[in-house]
Every structure is written in C-alpha cells, then in structure tokens.
Amino acid sequence: MTQPLALELSLADVAALCHVQRPVVTMWRRRSEATAWPFPQPVSWVRGEERFDVAAVVEWLERTGRGNNPDFRADAAGFAKPTGLGTLDDTVVNQGLAALLCLKVITGEDLSAHPAATVLDLADDADPDDVFLRREVEALDDRLTACAGFADLLADAAYSSAEAFE
C-alpha cells in the first residue's frame with residue numbers, strides 16, 4: 001500500500017495560512033520557545049528553507065489560538081507542499097496534480113477512494129486519445145495513489161477542484 005504524502009509548510013506558508021505577515025510567525029516562534037507549547041521544530045530543509053510538518057503546525061495553532069484564519073485546519077493542505085515523491089521532479093508532480101484535479105472535475109469522483117489502476121482507468125476513459133491528462137496521470141507512476149489523495153485534500157481545502165487548480 002502506498003503511504004500518503006507527507007505535507008510540509010515553510011514559515012511563509014504558515015503566515016499565509018494564518019492570514020498574517022511573515023515576521024509575525026517568526027515572532028510567535030521566538031516567543032514560544034520557553035513555553036509549554038513551543039513552535040514545532042523543522043522536519044526538513046529544502047533549498048535552504050526550513051519546512052515544518054503540517055499536522056504539528058495545525059496542532060500548535062489550535063493549542064495557542066494564533067492566527068486570523070478560523071478555518072486553518074481545513075485550509076492547511078492548500079498551503080502545504082507534498083514531500084516523499086522520490087525521484088519525481090516538480091514538473092511531473094505539478095502537471096500530474098493539475099491532471100488529477102481536472103479528472104476530479106470530469107468524473108466527480110474522490111480519487112483517493114480508488115486504487116491506482118482505477119484512477120488510470122478513469123483517466124483513460126476521460127482522455128482516450130491522450131489529449132490533455134492521461135499521460136500526466138500515468139507519469140505519477142507508483143506515487144499516483146498518494147498524489148490522488150493530495151489532489152482530494154487540495155480540492156477540499158479550496159472548496160472545489162477548479163479553485164484548487166487556480
């Protein structure tokens with residue numbers, strides 16, 4: 001079974017999620033260091049930028065009451081970046097996610113409810129001549145199921161697949 005994608009946020013992503021300016025998050029982080037609920041530790045560095053686990057940040061926001069977005073839990077996936085895609089590059093992932101969101105609109109399906117083979121069948125049915133999405137979905141290869149789950153999360157966070165695409 002394919003593991004779901006880990007989702008991470010940069011400090012700028014946290015600020016956007018919380019509807020605050022970026023320096024505010026740095027202040028929260030600094031002021032919470034010696035408290036019972038310090039800001040989560042980074043789980044990775046990507047091109048010199050700290051990344052934080054989405055679940056840990058959401059829990060911290062809930063416990064501390066920080067931010068100006070009362071819907072931060074529901075919105076978090078829309079601000080997150082997936083990790084754990086192995087050798088897939090950003091272009092393959094971005095094109096694949098766009099194709100999966102398109103497929104969600106066409107089929108009306110929750111893609112994560114299906115195994116990869118079924119998602120591939122849906123893509124083939126929607127685009128039998130490979131004009132606009134089949135190849136992009138196939139390119140996700142062994143990460144298709146995880147990316148389909150992320151596409152569903154994005155659509156839920158944005159309230160629709162079309163808004164998630166934008």
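Which residues of α8 are buried? In this predicted model, the buried residues of the helix are Leu144, Ala146, Cys147, Ala148, Gly149, Phe150, Ala151, Asp152, Leu154, Ala155, Ala157 and Ala158. Twelve of the 15 residues of α8 are thus buried, so the helix is largely enclosed by the rest of the structure.

The length of α8 was also examined. Helix α8 covers residues 144–158, and at 1.5 Å a residue its 15 residues should span 21 Å. The C-alpha atoms at its ends lie 21 Å apart, which agrees with that expectation. Tyr159 follows α8 and has a positive phi, near 75°.

Aromatic contacts were searched for across the whole structure, and three aromatic pairs were found. In the pair formed by Trp28 and Trp60, the ring centres are 6.0 Å apart and the planes meet at 45°; the pair is therefore tilted, since planes under 30 degrees apart would count as stacked and those over 60 as edge-to-face. This pair links distant parts of the chain, with Trp28 in helix α2 (residues 22–32) and Trp60 in helix α3 (residues 54–64), 32 residues apart. Both Trp28 and Trp60 are buried.

The rings of Phe39 and Phe52 have centres 5.2 Å apart and planes at 75°, so this pair is edge-to-face. Distant parts of the chain are again linked: Phe39 lies in the loop between α2 and β2 (44–46), and Phe52 lies in strand β3 (residues 49–53), 13 residues apart. Phe39 and Phe52 are both buried. Ring pairs join Trp28, Phe39, Phe52 and Trp60 into a cluster.

How values were computed. Residues numbered from 1 in each chain as written. Predicted model: local features only at pLDDT ≥ 70, side-chain atom pairs only at ≥ 80, totals over all residues. Heavy atoms only, no water. Phe/Tyr/Trp six-rings, centres within 6.5 Å; stacked < 30°, edge-to-face > 60°. Helix = DSSP H or I, 4+ residues; strand = E, 2+ residues; numbered from the N terminus. Buried < 20%, exposed > 50% of the residue type's maximum accessible area, 1.4 Å probe, protein only. Expected span 1.5 Å × (residues − 1).
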